[in-house]
Amino acid sequence: MKKGLFSILFIYIFSCNPSNSNGSRDYNQINSIQKGELVIVFNRYSINTEIIERSTEPNESFQFWREGFDPPYEDPNLYISIGHGLDQGKKKIQRKELDELDVWFDSQMDYLDWFNLNFEKYYIIYEDEYLMKESLDPNYEFTAYEVKISTGGVE
């Protein structure tokens, strides 16, 4: 009886394990290797993304709000929030330095990727700047904004 129960539990655990077939990451592996800083190449013009400007030039304070994720997380109540406040820094990162950093592309992240982030610091660089022809120069400098990332759901 105990062997049968153990076998059922074992099969259940492996059948519920997140799959990599949809491009999402292996969360057990992520939690063991995340540390330090993460740079996210962020699409600020995504159709599901709203920007909220919170200050005027030369101060830069903003918040991005995104709802609507691809299946199986298309619940309209789930959201991510990415904010850069006046107390957070920004820095210049050269293209050649990106190869040495943890860089993720938000176009390849689903809701659980955002939910399971576990780095000490987060920076975003804008995808439209990342994809510019000039940015292929190894000395091209991106502006990376330190951000706070939160996830949640509206009830």
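Colleague: Is S81 buried or exposed?

Modeller: In this predicted model, S81 counts as buried, because its relative accessibility is 8%, and buried means under 20%.

Colleague: Where is S81 found, and what does its side chain contact?

Modeller: S81 is found in strand β4, which covers residues 78–84. The side chain of S81 makes a polar contact of 2.6 Å with the side chain of Q63.

Colleague: And V41, buried or exposed?

Modeller: V41 counts as buried, at 0% relative accessibility. The place of V41 is in strand β1.

Colleague: How far apart are V41 and A144?

Modeller: In sequence, V41 and A144 are 103 residues apart. In space, the distance from C-alpha to C-alpha is 9.4 Å.

Colleague: Let me step back to the whole chain. How many helices and strands are there?

Modeller: The protein chain has 5 helices and 8 strands. Along the sequence, the pattern reads α-α-β-β-β-β-β-α-β-α-β-α-β.

Colleague: What share of the residues is buried?

Modeller: Of the 155 residues in the protein chain, 37% are buried.

Colleague: Now charges. How many salt bridges does the structure hold?

Modeller: The structure holds 4 salt bridges. As general background, side chains of opposite charge can pair when their charged atoms come close.

Colleague: Which residue forms a salt bridge with E37?

Modeller: The partner of E37 is K91, and the closest N and O atoms of the pair are 2.9 Å apart. This pair links distant parts of the chain, since E37 belongs to strand β1 (residues 37–42) and K91 to strand β5 (residues 90–94), 54 residues apart.

Colleague: Are these two buried or exposed?

Modeller: E37 counts as partly exposed, at 34% relative accessibility. K91 is partly exposed too, with a relative accessible area of 29%.

Colleague: What about R66, which residue does it pair with?

Modeller: R66 forms a salt bridge with D106, with 2.4 Å between the closest N and O atoms. R66 lies in strand β3 (residues 62–67) and D106 in the loop between β6 (102–105) and α4 (111–115), so the salt bridge ties together parts that are 40 residues apart in sequence.

Colleague: Buried or exposed, that pair?

Modeller: R66 is buried, and D106 is buried as well.

Colleague: Which residues are joined into a network by salt bridges that share partners?

Modeller: That network consists of R44, D128 and E129.

Colleague: What is the N to O distance between R44 and E129?

Modeller: The side chains of R44 and E129 meet in a salt bridge at 3.7 Å, N to O. R44 is in the loop between β1 and β2 (49–53), while E129 is in helix α5, and the two are 85 residues apart.

Colleague: How accessible are they?

Modeller: R44 counts as partly exposed, with 22% relative accessibility. For E129, the value of 22% also gives a partly exposed residue.

Colleague: Staying with helix α5, what is the situation of E127?

Modeller: E127 is found in helix α5. E127 is buried yet has no salt bridge.

Colleague: Why does R66 not count as a salt-bridge partner for E127?

Modeller: R66 is the nearest side chain of opposite charge, but it is 7.8 Å away, and a salt bridge requires the side-chain nitrogen to be within 4 Å of a carboxyl oxygen, so the pair does not count.

Colleague: Which side chain is joined to E127 by a polar contact?

Modeller: The side chain of N43 is joined to the side chain of E127 by a polar contact of 3.5 Å.

Colleague: Turning to the surface, which residues form the negative patch?

Modeller: The negative surface patch is formed by E97, D99, E100 and E141. Of these, E141 has its place in strand β8 and is partly exposed, with a relative accessible area of 42%.

Colleague: Last topic: where does D137 lie?

Modeller: D137 lies in the loop between α5 (127–130) and β8 (141–153). D137 is partly exposed, its relative accessible area being 39%.

Colleague: What does its side chain reach?

Modeller: The side chain of D137 reaches the backbone nitrogen of N139 at 2.9 Å.

Colleague: And how far is D137 from Q94?

Modeller: The C-alpha atoms of D137 and Q94 are separated by 8.9 Å, and the two residues are 43 residues apart along the chain.

Note on methods. Residues are numbered from 1 along each chain as its sequence is written. This is a predicted model: local features need pLDDT of at least 70, side-chain atom pairs count only at pLDDT 80 or more; totals for chains, interfaces and linings use all residues. Side-chain values use heavy atoms; hydrogens and water are left out. Helices (H or I, at least four residues) and strands (E, at least two) are DSSP runs, numbered from the N terminus. Buried means under 20% relative accessible area, exposed over 50%, partly exposed in between (1.4 Å probe, protein chains only). A polar contact is a pair of N or O atoms within 3.5 Å; within protein, one must be able to donate a hydrogen and the other to accept it, and residues adjacent in sequence count only if both atoms are side-chain atoms. Patches are made of residues with over 30% relative accessible area and no salt bridge: like charges are joined within 9 Å, nonpolar side chains (Val, Leu, Ile, Met, Phe, Trp, Tyr) within 5 Å. Accessible areas come from the Shrake-Rupley method with a 1.4 Å probe; for residues, only the protein chains shown count as cover. Lys and Arg count as positive and Asp and Glu as negative; His and the chain ends are not counted. The place of a charge is taken as NZ of Lys, CZ of Arg, CG of Asp or CD of Glu.
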